[in-house]
Every structure is written in structure tokens, then in C-alpha cells.
Amino acid sequence: MQVRDMKKEIRIIDFDKKYAKEIYDMQTLQWGVWDDEKCIEVVKYNEIILIALCDDKFAGVIIGQLEEDIFHLMICCIKPEYQKMGIGSMLLSEIMKRASQDFHFSKFRAEAISVYGKCNAKKTVGKFSI
């Protein structure tokens with residue numbers, strides 16, 4: 001997925017190990033140091049990890065994981081300098097599309113996903129018949 005926003009090119013790509021440290025640093029900044037957590041090295045069979053790039057620079061990440069018949073949205077983080085550009089909505093829409101194609105699940109769970117009181121998750125998830 002690729003979109004141009006006022007001279008900025010926004011791309012959503014699959015997980016690339018070269019961004020593992022940036023993902024970990026963003027998680028740590030957002031939620032603090034995680035005990036026993038290491039940088040993401042590989043995508044598990046039941047995970048989807050998507051990265052947002054803005055002009056080829058790391059802008060954000062979304063991670064979802066299937067557990068039984070529930071698709072859990074685990075993390076959705078956008079760097080402050082790239083917020084309010086629709087990147088979070090783009091990531092959420094793309095992960096829901098891929099999850100619907102790749103997995104069979106009856107429930108979607110997204111806990112505590114809100115950035116400064118704004119949350120488009122309901123509207124975006126509503127596009128999918130879950």
C-alpha cells in the first residue's frame with residue numbers, strides 16, 4: 001500500500017528485520033522497558049507485523065497476533081512527528097485486510113489503542129465483517 005500526502009510518500013511494508021531495533025525502541029518509549037523482551041527478530045506463524053515508512057523513514061508499526069479464534073491487535077505505534085497523517089488508520093486497515101485473508105477468526109480485540117483521545121479503530125474495523 002502506498003499513498004502520497006502533501007509531498008510525503010507513505011508506504012506500508014511487511015516486517016523487515018532491519019527495523020527491529022526501531023520497533024523495540026518505540027515500544028520502550030511508549031510503554032517502558034519490557035522484562036525479558038528482545039528485539040523482534042522473526043515473525044511468528046500466527047503474527048502479522050507491518051511497518052509504515054514515510055519518505056523511506058520508519059514512521060510506525062502495527063503488530064497483530066491470532067490466538068485461537070481471536071485476532072489481537074497487540075501494538076500500534078506511530079512516531080510523534082508522523083502522527084495526524086492517517087498512518088495509524090492505514091496500518092489498521094491493512095492489518096485487518098491481511099488478517100481476514102490469512103486467518104479464520106470470529107473476534108477482534110484491540111485494547112487501549114488510543115492516541116491523545118483519538119481512536120479510529122471502531123470505524124476502520126467496522127469495514128470488516130467480524
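**Note on the strand pairing and packing**

1. Strand 3 (residues 47-54) and strand 4 run antiparallel and are joined by 8 bridges. This is a predicted model, and the points below should be read as describing that model. Within this pairing, Ile49 has Ile63 of strand 4 as its bridge partner. The hairpin of strand 3 and strand 4 has 2 residues between the strands, and Asp55 takes a positive phi near 50 degrees there.

2. Strand 4 (residues 57-67) is also joined to strand 5, again by 8 bridges, and these two run antiparallel. Two positions help to fix the register: Gly60 stands opposite Ile78 in strand 5, and Ile62 stands opposite Cys76 in strand 5. The connection is a hairpin with 2 residues between strand 4 and strand 5, and Glu68 in the turn has a positive phi of about 55 degrees. As for cover, 9 of the 11 residues of strand 4 are buried, so the strand is mostly covered.

3. How many of the 9 residues of strand 5 are buried? The count is 8 for this strand (residues 70-78), so strand 5 is largely enclosed by the rest of the structure. Besides its antiparallel pairing with strand 4, strand 5 has a parallel one: 4 bridges join it to strand 6 (residues 107-110). In that pairing Leu73 has Ala110 of strand 6 as its bridge partner.

4. Helix 2 (residues 87-102) belongs with strand 5 and strand 6, and the three make a β-α-β unit that is right-handed.

5. Arg109 lies in strand 6. Is Arg109 buried, exposed or partly exposed? Its relative accessible area is 36%, which makes Arg109 partly exposed, because that value falls between the 20% and 50% cut-offs. Apart from neighbours within four places in sequence, Arg109 is in contact with Ile70, Phe71, His72 and Leu73. Arg109 and Met74 are 35 residues apart in sequence, and their C-alpha atoms are 8.6 Å apart in space.

6. Next, the aromatic residues. The count comes to 3 aromatic pairs, with ring centres within 6.5 Å as the criterion. In one of them, Tyr19 and Phe58, the ring centres are 6.0 Å apart and the planes are at 25 degrees, so the pair is stacked. The pair links distant parts of the chain, with the two positions 39 residues apart in numbering: Tyr19 is in the loop between strand 2 (8-14) and helix 1 (20-31), and Phe58 is in strand 4. Tyr19 and Phe58 are both buried. Separately, Phe71, Phe103 and Phe105 form one aromatic cluster; Phe71 also appears among the contacts of Arg109.

7. For the protein overall, the secondary structure comes to 3 helices and 6 strands. From the N terminus on, the order of elements is β-β-α-β-β-β-α-β-α. Of the 130 residues in the protein, 44% are buried. Taking contacts between residues at least 6 apart in sequence, 61% join residues at least 24 apart. The protein exposes about 8,200 Å², and carbon and sulfur atoms supply 50% of that area.

Notes. Residues are numbered from 1 along each chain as its sequence is written. This is a predicted model: local features need pLDDT of at least 70, side-chain atom pairs count only at pLDDT 80 or more; totals for chains, interfaces and linings use all residues. Side-chain values use heavy atoms; hydrogens and water are left out. Buried means under 20% relative accessible area, exposed over 50%, partly exposed in between (1.4 Å probe, protein chains only). Two strands pair if DSSP finds at least two bridges between them. A crossover is right-handed if, with the strands pointing away from the viewer, the path from the first strand over the helix to the second runs clockwise. Rings of Phe, Tyr and Trp (its six-membered ring) pair if their centres lie within 6.5 Å; planes under 30 degrees apart count as stacked, over 60 as edge-to-face and the rest as tilted. Contact means heavy atoms within 4.5 Å. Accessible areas come from the Shrake-Rupley method with a 1.4 Å probe; for residues, only the protein chains shown count as cover.
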